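Please explain this structure to me, starting with how its strands are paired and then turning to how its chains are arranged.

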2 protein chains.
Amino acid sequence: MTGDSTVRIGLLGCGNVGAALVQLVADNGDAVAARTGLRLEVTRVAVGDVTRPRPVDLAPGVLTGDASGVVCDPDIDLVVEVMGGIEPARTLILTALEAGKPVVTANKELLATHGAELFDAAVKSGVDLLFEAAVCGAIPLMRPLRESLAGDRINRVIGIVNGTTNFILTRMTEGGESFAEGLAEAQALGYAERDPTADVEGFDAAAKAAIIASVAFGIDVRVGDVHREGITGITTDDIAMAARLGYVVKLLALADSVAGPGGDQVSVRVHPAMVPVAHPLAAVREAYNAVFVQGEAAGELMFYGRGAGGRPTASAVLGDVVDAAANLRQGTSAGVAGLAAARLRPMDELASQYYLSLDVADRPGVLEQVAAAFARHEVSIVQVLQTGMGGEARLVLVTHIARERAMQATLADLRGLESVDRVGSLLRVVGPE
Amino acid sequence: MTGDSTVRIGLLGCGNVGAALVQLVADNGDAVAARTGLRLEVTRVAVGDVTRPRPVDLAPGVLTGDASGVVCDPDIDLVVEVMGGIEPARTLILTALEAGKPVVTANKELLATHGAELFDAAVKSGVDLLFEAAVCGAIPLMRPLRESLAGDRINRVIGIVNGTTNFILTRMTEGGESFAEGLAEAQALGYAERDPTADVEGFDAAAKAAIIASVAFGIDVRVGDVHREGITGITTDDIAMAARLGYVVKLLALADSVAGPGGDQVSVRVHPAMVPVAHPLAAVREAYNAVFVQGEAAGELMFYGRGAGGRPTASAVLGDVVDAAANLRQGTSAGVAGLAAARLRPMDELASQYYLSLDVADRPGVLEQVAAAFARHEVSIVQVLQTGMGGEARLVLVTHIARERAMQATLADLRGLESVDRVGSLLRVVGPE
């Protein structure tokens, strides 16, 4: 760092987010300098293909194909990684941290698989590793979890963290579209990839859930630890039935801290769920994200905004850059702490209310057989609705709070019933607790 | 500050918030120490009446009636002010800051009248002055505005910042209650004071609006600069008509940055408004608060939670205490910058859509006279509804975007019309912009 408070940024990657960041520094750099005394300069930009045209103006010599050279350049004070992927991003970030350079990253995939290693490297070097942009784009979430709630105990985090699936579910809810129609619309608008697996099967949400749980509870949770179900099985009937019962169907990322044998356990999962219409998450529409946080003392909080997009994500990156640059100038870091080992609660110990739809034969005695399967596993039923007739007959059941293990055993029994043609969606119900 | 990283807190005031803070430090102090290495100790507590029983355990000798002594005590590292009111809080905080002690305060009234003076004192001493709890209790708002959006440009902030009025309006909307009934219910539940003026006339919201505008735009806005209208004139008919038109009535605190002659101007105001039902603020019910922020790059963000209450407010105070204590240990501050002079846009230059209800005579030609009054001031009407008949006849009008000056001139003309019995509520409509 030079004496004149210029902070020289090495930018790794110049796609949507990187280009938006360069533009934002150009637009707002003077205002940042006036307020903080820090002059931000995007000094070097490493990209895969230096010949490709970029949508932003870069001085000659700024672009380079040598990412390692940028990280090791003694003229670079701070590294911003927006290239994505595991390698070479992981090695580059570790190299930067070991060299005592703060790092700001938007790399969700990397943090959800190698977070603990990166956090340790940052702690060891005493420099910042900030990553607000890695989860829910522009929404301030990491900083509030880490700083604003530093004196509180976080009990629960529930997020709508994937804009693509929230868009699809909104179309299904408000437009009566099928999943396939909602997906096609999302693809036409550029919200969904041609191969939508990462979004619709919940992989993207699971990575974010792992990062959120790590920060909220200070523990090492990886994407592989997250129980994951997507939304491809959700039908328009499920959505309509949810509405009739006073719920909206949302794909949620949930992280709970619960008392377990020998200490607190954490449950981290991604699955579609029934959210009561009066719950603040129910009003989160289209491609927006929102994260609901339950603090022991703070009570219910929610953070809402755009979870993706070049400019929103770049705004979050730049907020972190200003923070890290100020800390660098003061010779401090406000960054992450190391992560403790996670004590994960197995999914089959989850306690939840459940919604289940069953295609059944329309004849006397069927409800009795179905009810017997629930009773056998001590899952009690709070509500039953029958819809349709003849070959279209369907039972919809909502349970009291039951254990996942008991519910899954009930499902297995129901699948074996001759009078049950098809076991449909199993949706967990978000309770008021 | 002692070498063992114990941070000795001098607490000024021990009412709801102070007592909850003492309890929170007792409950979560170990967790904070494990995570941050900081041992928080509430060393001295100054109260008005040391003989009054307190709901928390305090070691003998901690309670004192001498607030000045606490602030000046060389054993006190950090001062928390939750006593409220202007004096002696102002003098005590200034004394602490001048002595180089960081201050955390929840004092909305003081910040909204003497904020610039306090900020200057903090800047001069190079210590933190943090006040997350002063606006919307537990909701992280000051930190996101100051830090997360540090690289962005904030265009607009719209908040539901008073829980009492939001509760009353929710009862009016969902329960069909009158203002008086909603108020009585709020009083019975302890949400409203016996003298509800500060809430229902918008004084509380105006103080918060001044602080929000100061932090969002870095300018010196005082409560007296805020245009203010309360909700006492809102009728059940207004609420019903809003619903029919697709809106919910909310009391809003608004701060806009707009281009003006010679530079940006800021408009800061509190008034009831029509919020489109699909807007995220429309779903904020009961006594909850929420603040909607429009960032140039970040887009739309919203922060939601409990705006009041001892424990939520204490959670926010403690988050600030941990932050200030960490900075103190590192010999830095992340606190406020000084405030520039505000360039306020006069209220009559506001551009808005308006909703207006008029009690009128039920006879031919009335609409023509009313329309002529609008036309005379070039306010164009986008929608007219007539309800009731005879002595109960009412016209409801929604305008295109017009200037406040023109709208007020129109109102004056309407009041002079013999066919207009009463000019009812004028509500500004929150637009999609």
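How many bridges join strand 15 of chain A to strand 17 of chain A, and in which sense do the two run? The model shown here is a predicted one. In it, five bridges link strand 15 of chain A with strand 17 of chain A, residues 394-399, and the two strands run antiparallel. One of the residues involved is Leu356(A), whose bridge partner in strand 17 of chain A is Leu397(A).

Strand 15 of chain A covers residues 351-360, and its pairing with strand 17 of chain A is joined by further ones. Strand 19 of chain A, made up of residues 420-429, pairs with strand 15 of chain A over seven bridges, in the antiparallel sense. Here Asp359(A) is found opposite Arg422(A) of strand 19 of chain A. Strand 18 of chain A consists of residues 402-403 and is also an antiparallel partner of strand 15 of chain A, with two bridges between them. In that pairing, Ala402(A) of strand 18 of chain A lies opposite Ser352(A).

Next come the two chains. In general, two copies of a chain are related by a rotation about an axis together with a shift along it. For this model, a turn of 180° and a shift of 0.0 Å along the axis lay chain A on chain B with an RMSD of 0.0 Å. This is the relation of a two-fold axis. Within chain A, the residue that comes closest to the rotation axis is Phe303(A), whose C-alpha is at 2.4 Å.

Which surface do the copies use to meet? Of the interface residues of chain A, 100% are interface residues in chain B as well, so the copies meet through the same surface.

Notes. Residues are numbered from 1 along each chain as its sequence is written. Chains are lettered from A and ligands numbered from 1 in the order in which they are written. This is a predicted model: local features need pLDDT of at least 70, side-chain atom pairs count only at pLDDT 80 or more; totals for chains, interfaces and linings use all residues. Two strands pair if DSSP finds at least two bridges between them. Helices (H or I, at least four residues) and strands (E, at least two) are DSSP runs, numbered from the N terminus. Copies are superposed by least squares on the C-alpha atoms of residues with pLDDT of at least 70 in both. Two residues are in contact if their C-beta atoms, placed from the backbone, lie within 7 Å.
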